Amino acid sequence: MPRRCGTIPYADVTEEMLLKLKRTPGLYLVGFMGSGKSSIGRLLADELGWTFVDIDEDIEAAQGISITDIFDQRGEEEFRGIEREALRKRVREVEYGKPMVVALGGGAFVDSANQKLLEERGVTLWLDCSYSRICARLLGQTHRPLARDPEKFRQLYEGRRDDYSKAEFRIEADTDDAAAVVAEILKLPIF
């Protein structure tokens, strides 16, 4: 069952959020890497007839190299600056009225400036997935630079949950059935 994360009582959400979505038709999926933001986002966008974008894919296309290479060659701080600008570019499209489902990178919503940007220009949805399921999904993947050290990876997961909880809605995404998660999202009072 979807759960309201922010400070507005669930019953009072509908009118305010509907108006916000009409002004800026953006749904922003936040959550830890491997939580299903891209696969769920694609299905959700298809259901709504909206455009889907993945900020990590935008960055790789614009930079001409992988996220891993950006981290390795330029460092996380430079990557976060590139990510911030890629997100702003997509938010501008939403502000101009282009309905969009946007999958953010796992660390994008940790940045308070990004949180504020999104909070005022659409609705944020936290896809909450268990650590064990994320580990199972990422097993054997080498393209995630922050997943290289298992102990740091666990700490990162735990440390980011407080930031993710600042999203306007929390959606339980601890399943491999992306369609079921999309069905839960579509039950939100904003639709």
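This passage looks at a helix crossing, the cysteines and a one-sided helix in a predicted model.

A good place to start is the pairing of helix α3 (residues 55-63) with helix α5 (residues 76-95). Their axes come within 10 Å and cross at roughly 110°, which means that α3 is roughly perpendicular to α5. On the α3 side, the contact is made by I55, D56, D58, I59 and Q63. Helix α5 contributes F79, I82, E83, A86, L87 and R90. By character, the residues of this contact divide into six nonpolar, one polar and four charged.

Turning to the cysteines, the structure holds zero disulfides. The sulfur of C129 has its closest cysteine sulfur in C135, at 9.8 Å, and this is too far for a bond, because a disulfide needs the two sulfur atoms within 2.5 Å. The surroundings of these cysteines can be described too: C129 counts as buried, at 3% relative accessibility, whereas C135 is partly exposed, with a relative accessible area of 27%.

Helix α7 (residues 131-138) rounds off the tour. Its buried residues are Y131, I134 and L138. Seen down the axis of α7, these buried residues fall within an arc of 60°, so they line one face of the helix. That buried set packs against α8 (150-164). On the other side of α7, S132 and A136 are exposed.

Notes:
Residues are numbered from 1 along each chain as its sequence is written. This is a predicted model: local features need pLDDT of at least 70, side-chain atom pairs count only at pLDDT 80 or more; totals for chains, interfaces and linings use all residues. Side-chain values use heavy atoms; hydrogens and water are left out. Axes are lines fitted to C-alpha atoms, for helices over the stretch in contact, and angles run from 0 to 180 degrees between N-to-C directions. Helices (H or I, at least four residues) and strands (E, at least two) are DSSP runs, numbered from the N terminus. Angles under 35 degrees count as roughly parallel, over 145 as roughly antiparallel, 65 to 115 as roughly perpendicular and the rest as oblique. Contact means heavy atoms within 4.5 Å. Ala, Val, Leu, Ile, Met, Phe, Trp, Tyr, Cys and Pro count as nonpolar, Asp, Glu, Lys and Arg as charged, and the others, Gly among them, as polar. Buried means under 20% relative accessible area, exposed over 50%, partly exposed in between (1.4 Å probe, protein chains only). The arc is that of the directions from the helix axis to the C-beta atoms.
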